[in-house]
Amino acid sequence: MKFWDRKKEVEYLKRYIQSEPNAILFVYGPKSSGKSTLLYHVVSELSKRKGFVKKYDVFWYDLRGRLISSYKDVIDIFFKMEDTETGKFISSVESETSFGIPVIANFKIRTSMREEFYSKLADPFEYMEAVLMKGKKRHIIVFDELQRLKDVYINGERKVVDALFNFFVRLTKVLHLAHVIVMSSDTFFIEEIYKSSSLENTSRYYLVDYFDDETTKEILLNEGYSREEANYIVSWIGGVPWLLEEVINEGNKGSFKEVVHALYREVLSKVKLKLLEEKSKNEKFYKKEIEFLSYLMNDKLIFEDTEVLKRLAELEILYYDPINDRITPHTKLHERAIKEVLNSILE
Ligand SMILES: Nc1ncnc2c1ncn2[C@@H]1O[C@H](COP(=O)(O)OP(=O)(O)OP(=O)(O)O)[C@@H](O)[C@H]1O
Ligand SMILES: [Mg+2]
């Protein structure tokens, strides 16, 4: 698969993985910024290195597209069951990443054990910790889209994610047994974690943003565009990987401007439609949203109405980075679209 290099991020992650586990790493950034692709790349590069497979085991849990609504579903993510007749360990959820790393359900247990976990007679996290303690290899545990577990409870009060984070802190900061890398594009989930006192001094946060303008231009030059063409494309779409793919994959290089403009029209109509829908739902709130956007576009955002920000981020009109406390349009195309919509409203 094609990989446009992100030297800085690749370096950082390689160094992190090869150092002694000491903190949970939260990799966050806007949707489709390239987080999963980057981590796949880093792990597959490392696993080609001599000695890596002997030293490390990678557990990769991709929760995208999975229906997880109960504690039992969470347990099924982690454990492989022994079939009583064949003696083989099976899992209904196992698959492989494109580079052959098992995706899910790596811990082997007997059916009776699962029942104990289900009925909360035994603690699955304690069990996993004990298994990892016995092994000789270091583990790299990757969770993609962990926010999917945020509304799952062990019992009425205790959240699964709290138990999980407690487990992660033990694996990293306390026991130095495993690296834990958690990916998420859910800004408010990351913010909640960032603010939570129980995770203070136990976690690091790493932003994987879109490509910056210079890197994007380099990518385009390598793809055969002239400098002038590259400047044009970057000024419209910036470094959003999937938008770049759209432009580049358009076989006929001569028509790149049309592709760029078509992408813009799409974003513009989406922004318009979303805001119209907001208006029809709640006119008062909609006015606040418009006010928020116009303050932002004029660099005058002095107050932060969390509800409004939350909604505009949910609608993917804005992106909010809680760690750097930065609010921006979702992409450059959105920036242009917001300006155009505001102009037509305020005229
Ligand atoms: N470095 C890269 N080189 C080539 N293509 C890339 C790169 N990074 C991302 N892409 C492309 O951009 C798209 C989105 O990337 P990816 O799924 O990794 O983003 P993400 O941040 O994990 O998204 P999400 O927040 O939805 O999980 C993919 O189709 C991928 O092929
Ligand atoms: Mg992803």
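Start by selecting K150, which is partly exposed at a relative accessible area of 29%. Keep in mind that you are looking at a predicted model. Now add D186: its side chain meets that of K150 in a salt bridge, 2.8 Å from N to O. K150 sits in the loop between strand 6 and helix 7, while D186 is in the loop between strand 7 and helix 8 (187–195), so the pair ties together parts that are 36 residues apart in sequence. D186 has a relative accessible area of 18%, and because buried means under 20%, D186 counts as buried.

Next, the sheet. Select strand 6 (residues 138–144) together with strand 7 (residues 178–184): the two run parallel and pair over six bridges. For a single contact point, pick I141 and look across to V180, its bridge partner in strand 7. Then bring up helix 7 (residues 160–174), which packs on the sheet and touches strand 1 (24–28), strand 6 and strand 7. The direction of helix 7 makes about 140° with that of strand 7.

Zoom out to the whole sheet. It is open, has five strands in the order 2-6-7-1-8, and its pairing is parallel. Strand 2 (56–62) and strand 8 (203–207) stand at the edges with a single partner strand each, so one side of each is left without a neighbour in the sheet. Look along the sheet for the turn between neighbouring strands, which is 15° on average, direction ignored.

Stay with edge strand 2 and select D57. Which side chain does D57 meet in a salt bridge? That of K137, at 3.6 Å from N to O. K137 lies in the loop between helix 6 (124–134) and strand 6, and D57 is in strand 2, 80 residues apart from it. K137 is partly exposed at 29% relative accessibility, and D57 is partly exposed too, at 28%.

Now move to the helices earlier in the chain. Select K14 in helix 1 (residues 7–18) and E45 in helix 2 (residues 35–47), distant parts of the chain that are 31 residues apart. Their side chains form a salt bridge at 3.7 Å, N to O. Is each one buried or partly exposed? K14 is buried, with 16% relative accessibility, whereas E45 is partly exposed at 30%.

Last stop: select E278, K281, R311 and E314 together. These four are linked in a network of salt bridges. If you want to keep hunting, the count for the model comes to 18 salt bridges.

Key. Residues are numbered from 1 along each chain as its sequence is written. Chains are lettered from A and ligands numbered from 1 in the order in which they are written. This is a predicted model: local features need pLDDT of at least 70, side-chain atom pairs count only at pLDDT 80 or more; totals for chains, interfaces and linings use all residues. Side-chain values use heavy atoms; hydrogens and water are left out. Two strands pair if DSSP finds at least two bridges between them. Helices (H or I, at least four residues) and strands (E, at least two) are DSSP runs, numbered from the N terminus. Axes are lines fitted to C-alpha atoms, for helices over the stretch in contact, and angles run from 0 to 180 degrees between N-to-C directions. Contact means heavy atoms within 4.5 Å. Buried means under 20% relative accessible area, exposed over 50%, partly exposed in between (1.4 Å probe, protein chains only).
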